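Here's a quick briefing on a protein with a ligand bound to it. Have a look at the model first, then read on for the ligand site and a few backbone spots.

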Amino acid sequence: MNCIITGASKGLGKAMAERFAAGGYHLYLCSRDAKTLATTTEELATRYPTVTIHSRPADMGEKEQVTAFAQWVSASGATVDVLVNNAGQFIPGSVHNEPEGVLEKLIAVNLYSAYHLTRHLLPAMIARRSGHIFNICSVASLQAYPNGGAYSISKYALAGFSANLREEMKPHGIKVTAVYPGAAYTDSWSGTGVDPQRIMTAADVAEMVFTASRLSPQATVEEILLRPQLGDL
Ligand SMILES: NC(=O)c1ccc[n+]([C@@H]2O[C@H](COP(=O)([O-])OP(=O)(O)OC[C@H]3O[C@@H](n4cnc5c(N)ncnc54)[C@H](OP(=O)(O)O)[C@@H]3O)[C@@H](O)[C@H]2O)c1
């Protein structure tokens with residue numbers, strides 16, 4: 001069994017990589033920074049010697065690099081059993097005064113990445129009539145909040161992509177799950193002064209995704225909504 005995860009050198013992506021590796025999945029990972037990705041790959045390979053960890057740097061905000069990553073996965077001959085569209089970026093801001101170009105940037109990284117990668121990998125999945133696609137949205141996909149701005153807009157769009165894909169894939173035997181995490185402690189929170197104990201761990205999100213992937217072929221978890229016990233920050 002194979003699991004493809006984008007944005008997997010750190011944070012939620014790395015936590016999901018660990019969980020799927022522990023579950024016996026071979027991994028295909030990407031992120032932009034080659035050095036961090038190589039370090040994560042080596043770390044996982046050491047800890048989970050019975051699975052193979054493949055990785056390739058890619059900026060998922062660049063369509064040509066999404067295509068190259070997809071072609072690399074396809075050329076390996078690996079079946080896509082699980083695809084996690086996780087790569088994403090958070091830039092706080094407000095519609096009325098965030099810098100020009102932020103929306104375009106975040107739509108590219110948070111939406112087009114998932115759309116294009118999925119479209120590349122889907123034909124083989126449809127032919128096999130199996131596979132599970134997780135789209136890592138956010139509670140910012142469900143409600144507006146201060147400083148949400150372009151990030152929240154892009155995450156609403158990713159949720160729309162996920163809902164449409166779920167409907168389309170019903171007759172093809174492919175599962176689609178939208179994941180809506182609230183705050184989970186990752187590098188994107190370090191330096192913010194937020195108490196790690198106040199919010200979820202990346203492993204919490206990873207455990208839910210892994211568990212949702214293990215149901216019988218006739219059951220699909222359409223949505224996973226997780227929040228810190230004390231609620232949103
Ligand atoms: N943590 C939370 O509280 C939270 C809550 C809701 C939703 N989310 C979502 O969960 C996902 C992961 O967030 P995180 O908190 O784990 O972030 P993180 O700790 O900053 O890690 C992000 C990962 O994605 C990679 N990445 C970033 N931009 C990329 C790009 N353009 N192409 C390829 N890889 C890229 C990063 O590596 P490089 O920088 O080297 O590329 C890193 O491996 C995001 O979609 C985020 O919106 C997070």
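A quick definition before the site itself: on a grid over the protein atoms alone, a pocket is an open set of points with protein on both sides within 12 Å along at least five of seven lines. A molecule sits in a pocket if more than half of its atoms lie within 2 Å of its grid points. With that in hand: the ligand takes up the space of the largest pocket. Keep in mind that this is a predicted model.

**Who surrounds the ligand**

- The shell around the ligand has 30 residues, and S9, L12, R32, Y151 and T186 are the ones that come nearest.
- By residue class, that shell splits into 13 nonpolar, 11 polar and 6 charged.

**Polar contacts and cover**

- Two contacts go to the backbone: an oxygen atom of the ligand is 2.8 Å from a polar backbone atom of A184, and a nitrogen atom of the ligand is 3.5 Å from a polar backbone atom of A58.
- S188 joins in with its side chain, where an N or O atom is 2.9 Å from an oxygen atom of the ligand.
- On its own the ligand has 880 Å² of accessible area, and the protein covers 92% of that.
- Two elements give two or more residues to the shell around the ligand, namely α1 (11-22) and α5 (149-169).

**The loop after α1**

- G23 is found in the loop between α1 and β2 (26-30).
- Is G23 buried or exposed? Neither quite fits: G23 is partly exposed, because its relative accessible area is 36%, and that class covers the range between 20% and 50%.
- Going from G23 to A45 takes you 22 residues along the sequence and 14 Å through space, C-alpha to C-alpha.

**Positive phi outside glycine**

- As background, most residues other than glycine have a negative phi.
- R129 goes the other way, with a positive phi near 55° in a residue that isn't glycine.
- You'll find R129 in the loop between α4 (102-128) and β5 (132-136).
- N147 isn't a glycine either, yet its phi is positive at about 70°.
- Its place is the loop between β5 and α5.
- N147 counts as partly exposed because its relative accessibility is 44%.

Terms used. Residues are numbered from 1 along each chain as its sequence is written. This is a predicted model: local features need pLDDT of at least 70, side-chain atom pairs count only at pLDDT 80 or more; totals for chains, interfaces and linings use all residues. Side-chain values use heavy atoms; hydrogens and water are left out. A residue is near a molecule or strand if one of its heavy atoms lies within 4 Å of it. A polar contact is a pair of N or O atoms within 3.5 Å; within protein, one must be able to donate a hydrogen and the other to accept it, and residues adjacent in sequence count only if both atoms are side-chain atoms. Accessible areas come from the Shrake-Rupley method with a 1.4 Å probe; for residues, only the protein chains shown count as cover. On a 1 Å grid over the protein atoms alone, a cavity is a set of points where a 1.4 Å probe fits but cannot get out, and a pocket is an open set with protein on both sides within 12 Å along at least five of seven lines; lining residues have an atom within 4 Å of a point. Helices (H or I, at least four residues) and strands (E, at least two) are DSSP runs, numbered from the N terminus. Ala, Val, Leu, Ile, Met, Phe, Trp, Tyr, Cys and Pro count as nonpolar, Asp, Glu, Lys and Arg as charged, and the others, Gly among them, as polar. Buried means under 20% relative accessible area, exposed over 50%, partly exposed in between (1.4 Å probe, protein chains only).
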